[in-house]
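Biologist: I would like a close look at one part of this protein, the pair of covered helices and the segments around them. Please take me through it slowly, and set it within the whole chain.

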Amino acid sequence: MKRLAVIMFLACLVAYAGEGLKVSESRHLLRIVSNGVTLMDNDNLVLQTDTWQIIRNLQKTPFTVKRDDNGFVHRWEQRDDGLVIERRVRRLPDNAYRIEYDLELLPGIAGGKAIELTMHFRVAPMDFPAADLPIGPLTGPIRVPTLGGNIRIDPAGTTAVGTLALQDMRDVSWCQRFRLHFAATYDPATGYRGKVAYTISQESPWSPLFAPIALDGVANRSYADDVAGNGWTGQGPQNCLASFPADQPITAGGYVFQPATKALILRSRNTPNFPMNSGRVQLPKPERFASFGFLHTAAWSNSDAGAAVANYRVHYADGSHADLPLRFLIDVEDWWNVRNMHNALVAWTGDNGGGRNVAVFMSRKNNPHPERPVTALEFISTDSVTTVSVIAATGVRQALLTPAMAEELERQAGTWENNVNPDITADWFPCPIPWQDSVQPGSALDFSGLNHRPAGKYGFLRRVGDHFEFADRPGEDVRFWGTNFAITGPFPEKDLAPGIAKCMAAQGVNMVRMHLYAARPVLINSPDGTLKPDMLDRMQFLMAELIKNGVYIYMDLNDGMCYDQLLARPSTFPVEERLKLSSLFDRDLIRATKRMAELLFATVNPYTGKRPVDDPGIACYEIMNEVSMLSNWHDLREAVRPPKTMLPKLEKLWHDWLRKNGHDLCDLPTNFSLSESGRRFAIELDNAYISEMAAFLRNLGVRAPISATNITFANGNFAAAPYVDYFGDHFYWAHPNFRAQPKSYPIEPSLTRPVTATIIPGLPKSSLVGYPVVHSEWNYCYPNSYRCEGLPLATAYAAYQGWDGMIFYGATGSCDDGDWNRFRNNPNIQIHSQQTDPATWGLTHFAANLYRRGDVQPAQRDLRVVLPQSALYSTQLAASALPFLPSLGRFSFEFAADENTNWLGELAMQIDAKKKISTTRS
């Protein structure tokens, strides 16, 4: 009997080639990268009391930044809070950087005692034995071994009174990092001034983990060629590798290579004069290796995909050997095709002398016998039609490799060796995840029986305390398992809609969120301020089909939309969706948002005979998506658009508020979350918008529950509680960094991470006592090869917490414009669009059962954090102060009228709080 399987093609990651040391910043946090390996990703200064309570935090302080070609300067100046800090980063010759912190903490900060300036270094790149690391105070330059090479840190120039030290915090549960840490004492009477400085440079790209394997003794062809064809592959100077930097180390996929002075080129049927076999490449001494990295490429390539074009033989000290097959289009590609393959990253690209861009590839191969000492390598042709050129080899020393390092190397290489082996998959056949009506009714894959039909059968959804009930089913809690239809997703062709709706029901879905449906001019809005009849008809038909199959609708409103089209005026900004923040305070944009609600929510759907506001199949409404004046995602000058017209409006509102509340006038901050006055202003502005829109929707006839925004940026977002019926949040594990150049695609597990770094503290921050919780976006993103953890973990945890809705993002998402038609012939997986992904949505039946049936029982213990009302104006979220807490019971929080009630503050100061709580059952 043939085995069912799904072959997943994972996106390959960009390799780094000879990058050396780089120091940069992201949202003002310092980042140090060596040979593509991130060493440091965070720095911060805090002032603490004598009981370690943080009373000043640099990351919560407004800043300005100046950049030029040689570096950047950040300045944090908040004299009311007593902080004046400047950080300067300058690039020096010889790939070095000078980093300086000028510290000034003004006198008079009540309770201030301990100053800590901390630069956090990740464990994996430095996970060597403590005896091999210069742990302790820096009295002079130190040399630090890392996966990215040997790094030199010189503290010369530090004049501040205090202690600068490299600390090993790997085994400290709340840190689990290395730290370059400066500690000093603050005196409220005199304040503190000083400079902390160090120069960081890369001494060598070679980490102790790597052993270069010299190929010079067997290399046979120069990289350059001549007219007689005596070099490279013999095709002349206009088609050779003369531009390859053989005299420099090459870094790729986390490995370091020293190229041979010539290439080892093996025989093929197209190059019969080259050797079949390299002979043995003897190592200086026997060593145990966990894996090998190879630099190689191919020419004259016409082999079948997966065919072995060479064998790399490993000889062991006991006389045995093992062959590592080099598979075409898996481990190597033709040098004229500059692209990543399954186990082949582009390590170097350059010109072939004739204007063609060509490539050398890096592949990783696991040693099948890491316990046996290796004495030699041997490179053997299979005499195929493909000519293999071997350029370098590196071994990874087994004795030094830790699990953290192994995981980092896998993440860097972006390869999944042996996941798909052509030999064992020859008789596999595709098992696609459905997106249409292809599930046989009543079969094991038909979970539509979980739904009652039609949606709305038991009346409108309503909030009863901290959960949902249907009006005609009092006393029965309701849970929603759903997915997102985004952008063009709400507008499938009408012949597709019935099948899509049946498929959702069969996959256990009872809620679909209509998202970003008005965000682009090509969607539902017409330039004359009306809705396009054909697009409205498609959306109404889809909604009717979903309701018929027992699938409720979660209806967004202000996701960012074509506001100017709704106002029947020419566009005021190229991408109107980006006016979303301005739509919270600009009267024209508010009027446009109300117009959208009237046109869509108060228009009769001919397929149901009801207006959406009158249809109990529309379960809930959301006023705004991922936006708040409390947001700290962007500088206001970048987020408020168009700046020439909107920034003056916002500044006037800000100045009017400052005058009204007796504050001195000041410029707009970079964002309002960085000071208490800014947060108070932002809360008032948010609530003015939310209360107005909620009242408008109620007057329009909406009877279903309403929420405000769906991201908890700060405690102040809960000031909207009087106007809404539920809260929720968004969470993405291993989300690709679209802003990075090149884009980065994290390959990281969550199950092996500390509980404080996963979904567990990520979503509970919206769990306000007395309110249901619906998380309208969450995802374990493609191409992370650990994303199969997502649905089982998230739904089990959601059931444990007793949350009311989990809406996956999504069926159709941002990276494919939500186009259903692409599934007809090319049902590929996208970063967010995972309807056909066996590793995520392929587990929807399991997740729906686990969550909706209650296979995981809610936690037996309620853990309620009680905060004073003043905490609404704080930046400290309840779930992030003690991030382990939601793993121990059903987590929620509330704001008490008594200002002396602060359970969280007292608990956070207990150093052994985690130990005390974790000894009890939940």
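Modeller: What follows begins with the whole chain and then turns to the two helices and their surroundings. The model is a predicted one, and its chain of 922 residues has a radius of gyration of 30 Å, which agrees with the value near 29 Å that a compact globule of this length would have. Along the principal axes the C-alpha trace spans about 85 × 75 × 60 Å, and the secondary structure comes to 15 helices and 40 strands. Buried residues account for 59% of the chain, and of the contacts between residues at least 6 apart in sequence, 72% join residues that are at least 24 apart.

Helix H2 runs over residues 497-506, and eight of its ten residues are buried, so that the helix is mostly covered. The buried set consists of Ala497, Gly499, Ile500, Ala501, Cys503, Met504, Ala505 and Ala506. These residues pack against two strands, S30 (480-486) and S31 (511-515), and against two helices, H3 (533-548) and H12 (844-852). Just after H2 comes Gly508, whose phi is positive, at about 85°.

The segment that leads from S30 to H2 also deserves attention, for the loop between them holds Ile487. Most residues other than glycine have a negative phi, and most peptide bonds are trans. Ile487, however, has a positive phi near 60°, and with a relative accessible area of 3% it is buried, because that value falls under the 20% cut-off.

Helix H12 is the partner of H2 from the far end of that packing list, and it is largely enclosed by the rest of the structure, because eight of its nine residues are buried. Here the buried residues are Thr844, His845, Ala847, Ala848, Asn849, Leu850, Tyr851 and Arg852, so that a positively counted side chain, that of Arg852, is on the list as well. The buried residues of H12 pack against S30 and H2, and also against helix H10 (790-801) and strand S38 (805-812). Strand S30 is thus named among the packing partners of H2 and again among those of H12. Gly854, just after H12, takes a positive phi of about 80°, as Gly508 does just after H2 with its value of about 85°.

From H12 the path leads on to H10, and the loop between strand S37 (777-780) and H10 contains Pro783. The peptide bond from Tyr782 to Pro783 is cis, with omega near 10°. Asn784 is one of the residues that Pro746 touches, the others being Ala734, His735 and Pro736, when residues up to four places away in sequence are left out. Pro746 itself lies in the loop between strand S35 (730-733) and helix H9 (759-762), and it counts as buried at 16% relative accessibility. Its C-alpha is 5.3 Å from that of Ala734, although the two residues are twelve apart in sequence.

To gather up the central picture, H2 and H12 each appear in the other's list of packing partners, with eight of ten residues buried in H2 and eight of nine in H12.

Notes
Residues are numbered from 1 along each chain as its sequence is written. This is a predicted model: local features need pLDDT of at least 70, side-chain atom pairs count only at pLDDT 80 or more; totals for chains, interfaces and linings use all residues. Side-chain values use heavy atoms; hydrogens and water are left out. Helices (H or I, at least four residues) and strands (E, at least two) are DSSP runs, numbered from the N terminus. The radius of gyration is taken over C-alpha atoms; the globule rule is 2.2 Å times the number of residues to the power 0.38. Buried means under 20% relative accessible area, exposed over 50%, partly exposed in between (1.4 Å probe, protein chains only). Contact means heavy atoms within 4.5 Å.
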